[in-house]
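Grab a viewer and work through these exercises at your own pace. Each one sets a task and then walks through a solution.

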Amino acid sequence: MAYYQQPQDVTTLPAWQALQQHRAEMAGFSMREAFAADARRFQRFSLDSCGLLLDYSKNLIDERGLELLIQLADQAGLHQSIAALYNGERVNASEDRAALHTALRSPIGRRLLLDGHDIIPEVHRVLNQVTELVSRIHSGLWRGYSEKPIKEVVNIGIGGSFLGPQLVSEALRPFTQRGVRCHYLANIDGSEFRELTARLDPETTLFIVSSKSFGTLETLKNTLAARDWYLAMGGPEEQLHRHFIAVTSNRKAAIEFGIGEENIFPMWDWVGGRYSLWSAIGLPIALAIGVSNFKELLAGAYAMDQHFTQAPLAENMPVLMALLGIWYTNFWGAQSHAILPYDHYLRNFTKHLQQLDMESNGKSVRQDGSELNIATGPIIWGGVGCNGQHAYHQLLHQGRLLVPADFIVPVNSYNPLSDHHQWLFANCLSQAQALMQGKTREEAEAELRAKGMNEADVQRLAPHKVIPGNRPSNILVMNRIAPFELGALVALYEHKVFVQSAIWGINAFDQWGVELGKEMGKEVYQRLTGQVDSSASDASTQGLIDHFRERHRG
């Protein structure tokens with residue numbers, strides 16, 4: 001397997017220097033004026049591919065700026081980085097691994113060698129294993145210990161083993177298959193476990209344990225609690241294999257737990273958790289929406305893969321979105337990015353992107369270990385549709401912070417109600433329009449005078465009604481939230497994150513900060529439970545440990 005070659009410091013590239021100069025020249029740029037001067041701005045700054053329309057015309061860019069951003073990507077070796085990702089080079093240098101999540105949606109017949117072994121047949125063997133299991137459960141052939149068919153499926157996992165599958169199964173709720181309900185258990189908080197199991201019948205419940213190591217703390221504790229609950233509710237231990245299956249690379253631990261060998265689905269070290277919903281980690285998705293719809297999800301992602309690898313940089317949706325993000329993060333000082341889906345079924349999309357983006361690009365050193373002197377991944381936040389308009393959108397419109405935003409909206413709803421969807425779509429467009437256009441002092445004064453207000457009150461209130469405008473946003477539009485389009489949408493953001501990591505020269509596929517928290521958590525637990533007598537390394541942690549031990553009634 002080849003090693004990924006570290007690109008040079010991006011800030012030394014000619015295009016970076018030119019972009020710094022161009023940023024200074026853009027100080028007086030007005031999007032409102034740009035639209036007024038160019039009737040074709042939307043046509044020139046929009047792109048349609050894979051069932052998605054991207055309107056990026058409401059950004060602080062002109063033709064020259066876009067040209068320089070494309071030059072930056074070219075000079076940073078983006079084409080080579082994309083080839084390295086798809087060819088199985090060790091782009092995850094710190095863990096000496098490839099990152100081949102894209103292979104999970106490759107059609108049969110394609111060859112992809114990893115250490116001399118073609119992995120595509122193995123990917124499809126597991127997909128066939130998923131298909132067989134889903135068929136048995138949906139048809140009622142898989143039965144619990146009392147011979148009743150499975151009706152409830154609980155996915156026990158955390159991080160990528162939870163956020164991606166939950167997002168997709170909820171986003172595609174209109175495609176839910178009858179007869180099986182899927183639930184997700186992630187938090188180690190006992191309240192979540194108690195509330196969920198109170199609604200379940202052990203005779204008709206199947207647990208999926210999703211953990212690469214079969215040892216992730218939260219997942220393991222919830223799995224053990226689920227087994228105890230099953231046994232306490234009368235489930236026979238010798239029939240445990242009817243109620244537990246696993247997605248893991250630790251077959252030995254799963255078998256020792258009591259899971260049948262035929263019911264263990266593999267995970268590979270070349271797939272990171274936050275990129276794994278396309279694998280057997282997506283088993284709850286397939287159970288929720290059916291295998292044919294799951295394959296449509298894969299097909300949508302593959303279509304975006306094809307677009308990403310084949311489209312010129314200037315017409316490449318993930319590349320353009322990534323470059324705009326770099327433009328705002330590194331040249332405009334933006335520290336966060338809002339994700340605003342105008343669809344109830346996409347309410348968990350922001351949570352998935354928080355892990356995908358911040359766990360991938362929240363880094364401070366390059367692939368070679370040298371320190372970065374520029375900002376990388378932004379804070380990802382946001383929420384669903386019109387709700388935010390009555391809350392945090394106020395900061396977007398009139399706050400002092402620059403917060404680029406992505407609006408995501410379908411043209412059609414699965415649940416039309418009067419003219420609700422027309423209003424929803426109108427609100428999405430108008431929010432982006434208001435961010436771009438704003439309201440001047442003159443417009444505010446004229447508006448107040450038109451209401452018959454006296455001049456003293458006009459002057460008193462006008463400053464409060466001024467909206468700066470010139471706030472950037474993208475709008476992503478699709479016909480409906482359907483499997484193909486959703487697959488393309490998720491893959492779009494995966495590639496956007498990778499492009500940014502490649503240009504910054506960082507590793508998007510490790511997460512050592514997460515690992516540190518896990519290690520320190522074990523030490524704190526030992527002190528909380530009295531297994532270790534020595535004091536914590538700082539007085540704050542020790543004081544809180546003492547406080548807990550004095551008052552805990554567990």
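Below are five exercises on domains, strands, pockets and cavities.

This is a predicted model, so local features need pLDDT of at least 70 and side-chain atom pairs count only at pLDDT 80 or more, while totals for chains, interfaces and linings use all residues. Residues are numbered from 1 along each chain as its sequence is written, and side-chain values use heavy atoms, with hydrogens and water left out.

**Exercise 1. Split the chain into its domains and look at how domain 1 and domain 2 meet.**

Step 1: Mark the bounds, which come from an automatic or database domain assignment. Domain 1 is made of the pieces 47-60, 311-437 and 472-510. Domain 2 covers 103-294, and domain 3 covers 513-551.

Step 2: Take the C-alpha centres of domain 1 and domain 2; they are 29 Å apart.

Step 3: Look for contacts (heavy atoms within 4.5 Å). On the domain 1 side 25 residues take part, and they touch 19 residues of domain 2.

**Exercise 2. Work out the strand order of the open sheet of five strands, and find what lies across strand 7.**

Step 1: Pick out the strands (DSSP runs of E, at least two residues) and helices (runs of H or I, at least four residues), both numbered from the N terminus. Two strands count as paired if DSSP finds at least two bridges between them.

Step 2: Read across the sheet: the order is 6-5-7-8-9, and the pairing is parallel. Strand 6 (181-185) and strand 9 (264-265) are the edges, each pairing on one side only.

Step 3: Zoom in on strand 7 (residues 205-210) and strand 8 (residues 244-247), a parallel pair with four bridges. Phe207 has Phe244 of strand 8 as its bridge partner.

Step 4: Add helix 9 (residues 217-232), which lies across strand 5 (152-156), strand 6, strand 7 and strand 8. Helix 9 runs at about 160 degrees to strand 7; axes are lines fitted to C-alpha atoms, for helices over the stretch in contact, and angles go from 0 to 180 degrees between N-to-C directions.

**Exercise 3. Start at strand 1 and follow the antiparallel pairing to strand 2, then from strand 2 to strand 13.**

Step 1: Strand 1 (residues 46-49) and strand 2 (residues 52-55) run antiparallel, joined by four bridges. Asp48 sits opposite Leu53 of strand 2.

Step 2: Check the turn. The two strands form a hairpin with two residues between them, and Cys50 in the turn has a positive phi of about 55 degrees.

Step 3: Strand 2 also pairs with strand 13 (residues 473-478), antiparallel over three bridges. Here Leu54 faces Leu476 of strand 13.

**Exercise 4. Describe the largest pocket and the second largest pocket.**

Step 1: Set up the search on a 1 Å grid over the protein atoms alone: a pocket is an open set of points with protein on both sides within 12 Å along at least five of seven lines, a cavity is a set where a 1.4 Å probe fits but cannot get out, and lining residues have an atom within 4 Å of a point. Points are joined across faces, edges and corners, and a volume is the space filled by probe spheres set on them.

Step 2: The largest pocket comes out at about 1200 Å³. It has 44 lining residues, and Ser213, Thr216, Val514, Glu515 and Lys518 are the closest to its centre.

Step 3: Helix 21 (512-528) is one of the elements that supply at least two lining residues, and helix 21 gives the most, with 10.

Step 4: Sort the lining by class, with Ala, Val, Leu, Ile, Met, Phe, Trp, Tyr, Cys and Pro as nonpolar, Asp, Glu, Lys and Arg as charged, and the others, Gly among them, as polar. The largest pocket has 14 nonpolar, 18 polar and 12 charged.

Step 5: The second largest pocket holds about 370 Å³. Among its 19 lining residues, Asp343, His344, Ser413, His421 and Leu424 lie nearest its centre. Its lining has 10 nonpolar, eight polar and one charged.

**Exercise 5. Find the cavities of 30 Å³ or more and describe the lining of the largest cavity.**

Step 1: Count them: there are six.

Step 2: The largest cavity has about 90 Å³ of space. Its lining includes Leu104, Trp268, Trp278 and Phe294.

Step 3: Helix 6 (120-138) and helix 12 (291-310) each supply at least two lining residues, with the largest share, four, from helix 6.

Step 4: By class, this lining has 10 nonpolar, one polar and no charged residues.
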